[in-house]
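Here's a short walk through a structure you may not have met before. Have a look at the chain, then read on.

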Amino acid sequence: MDREQIINLLRECDSEKLKELYTRADEIRKQNVGDAVHLRGLIEISNICTRGCLYCNLHAGNKKIHRYRLEMQDVIESVNRAKIHGYKTIVLQAGEDRSADPAWITDIIKAIKSVDDFAVTLSLGEWEEDVYRMWKNAGADRCLLRFETSDEELFRKIHPGSKTHRLEMLDVIMSLGYEVGSGVMVGLPGQSFDTLADDLLMFKKLGLHMIGAGPYIAEPNTPLGQNPEKFMLDEDNQVPPTEEMAYKVYAITRILCPETNIPATTAVATLNPERGYENALACGANVIMPNISPARFREYYSLYPKKVCISETEKFHDKIKSRIVAAGRTVAAGRGDSVSFCHQINREVKYV
Ligand code: 5AD
């Protein structure tokens, strides 16, 4: 698929043509990664952030939210619940908390590994190579860092003070032996169809093992939420932040990167709590990341309004499994290492 074809698909409005796209992506998903849906337990370990990303409610300038950092006992309590629910991967996510000592994360990784043989994924933002090496040596397996947009000018505008280039950082993280994920927001003000096509081609070029994309959801407490017109392109070029655009992105991603892991994201479920996960699974996705943070902290990790997992109860963990089965898929029993990563390092691939 070349750039022009991608742009045409992103602009496609004909529902029959889109159905064809989703069906093709679904077949490619089945052939390459199978029917199993991998569940990852997500713990939001800190909402403290020293960065000022224009789209995110956790930005340092937001004085309205209560800031927290989880104690070890809260992390372990979440990990124990993940074990009960049968999750084999723990994802540690945080605001970019530069005031935290990286050794805090090292201790958490080791503690998780001592509970059970979990895969540990880090989603902690931009850190130095030495820090990522230390975390890898402590036992971390995977790393997520969305590059958000491949348009350098837009990236700089929405990430004031960013010194590192995330694309280069992804290479570094990959060279450390992590299974690496990245992704973008869909419909970010200032994102054109051409830019989004470049983002998709970048996924392929980087050889990512996981690719997460969610619709941009405007948050009124952020500079971007308050002044979108400063960034928005004309109607013909601006990508709309819709559910449908997210599905197109999942489908094209699956076609371009057949063996990668693609999560049905919380953002798409936020736009459509009833069917968002199922729709995403039907057009290329094969991963869901249920939130296992302690319930009393969840409201403080509100990246954007109405984030779906904030109101979920423990029942969600059973419900999501029956929803997966009702969608004609199976709940994975294994760790769900990315097929592309297994091939890269000659590890045996487990499709279940
Ligand atoms: N809308 C949608 N996604 C968002 N993220 C942050 N803020 C928003 C928002 N307003 C996404 C970013 C980040 C991930 C953790 O959450 O892509 O990488």
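What follows is a tour of a few helices, strands and loop residues, one stop at a time.

## Before we start

Keep in mind that this is a predicted model. The stops below begin with a strand and its neighbours, move on to three helices, and end with some loop residues.

## Strand β3 and its partners

Let's begin with β3, where five of its five residues are buried. How are its two faces covered? Ala119, Thr121 and Ser123 are buried on one side, and Val120 and Leu122 are buried on the other.

β3 pairs with β2 in the parallel sense, over five bridges. In that pairing, valine 91 sits opposite threonine 121 of β3. To get from β2 to β3 the chain goes through α4, and this β-α-β crossover is right-handed.

There's a parallel pairing with β4 too, and here β3 makes two bridges. Leucine 122 stands opposite cysteine 143 in β4. This time the chain travels from β3 through α5 to β4, again as a right-handed β-α-β crossover.

## Helix α4, the link from β2 to β3

The helix in that β2-to-β3 crossover is worth a closer look. α4 covers residues 102-115, which makes 14 residues. From first C-alpha to last, α4 reaches 21 Å, close to the 20 Å expected at 1.5 Å a residue.

Which residues of α4 are buried? They are Pro102, Ile105, Thr106, Ile108, Ile109, Ala111 and Ile112. The cover over these buried residues includes the strands β1 (36-46), β2 (89-94) and β3 (119-123), along with the helices α3 (72-84) and α5 (129-137).

## Helix α7, with two sides

Next up is α7, residues 166-175, whose buried residues are Arg166, Leu167, Met169, Leu170, Ile173 and Met174. Looking down the axis of α7, you'd find its buried residues within an arc of 155°, so they line one face of the helix. Over on the other side, Glu168 and Ser175 are exposed.

What do the buried residues of α7 pack against? Their partners are α5, β4 (142-144), α6 (152-158), β5 (179-186) and α8 (193-206). After α7 comes glycine 177, with a positive phi near 95°.

## Helix α14, further along

α14 takes in residues 315-326. Its twelve residues should span 16 Å at 1.5 Å a residue, and the end C-alpha atoms are indeed 16 Å apart. Phe316, His317, Ile320, Arg323 and Ile324 are its buried residues. Viewed down the axis of α14, they fall within an arc of 125°, so they line one face of the helix.

Turned away from that buried side are the exposed residues Lys315, Asp318, Val325 and Ala326. The buried residues of α14 pack against β1, α12 (276-281), β8 (287-288) and β9 (330-331). Just after α14, glycine 328 has a positive phi of about 85°.

## The loop between β4 and α6

Back up the chain, threonine 149 sits in the loop between β4 and α6, and serine 150 lies in the loop between β4 and α6 too. Are they buried or exposed? Threonine 149 has a relative accessible area of 4% and serine 150 one of 18%; the cut-off for buried is under 20%, so threonine 149 counts as buried and so does serine 150.

The side chain of threonine 149 reaches the backbone nitrogen of aspartate 151 at 3.1 Å. Serine 150 has a polar contact as well, 2.5 Å from its side chain to that of aspartate 199. Leaving out neighbours within four places in sequence, serine 150 touches Thr195, Asp198, Asp199 and Met202. With neighbours left out in that way, threonine 149 has contacts that include Thr195, Asp199, Leu154 and Phe155.

## Valine 239, our last stop

Valine 239 is found in the loop between α9 (223-226) and α10 (243-256). Despite that loop position, valine 239 is buried, with a relative accessible area of 0%.

What does valine 239 touch, not counting residues up to four places away in sequence? It's in contact with Val186, Gly187, Gln191, Ser192, Phe193, Leu196 and Met245. As for alanine 103, which is 136 residues away along the chain, its C-alpha is separated from that of valine 239 by 41 Å.

Definitions and conventions:
Residues numbered from 1 in each chain as written. Predicted model: local features only at pLDDT ≥ 70, side-chain atom pairs only at ≥ 80, totals over all residues. Heavy atoms only, no water. Helix = DSSP H or I, 4+ residues; strand = E, 2+ residues; numbered from the N terminus. Expected span 1.5 Å × (residues − 1). Buried < 20%, exposed > 50% of the residue type's maximum accessible area, 1.4 Å probe, protein only. Contact = heavy atoms within 4.5 Å. Arc of directions from axis to C-beta. Polar contact = N/O pair within 3.5 Å; in protein donor to acceptor, adjacent residues only side chain to side chain. Pairing = 2+ DSSP bridges. Right-handed = clockwise from strand over helix to strand, strands pointing away.
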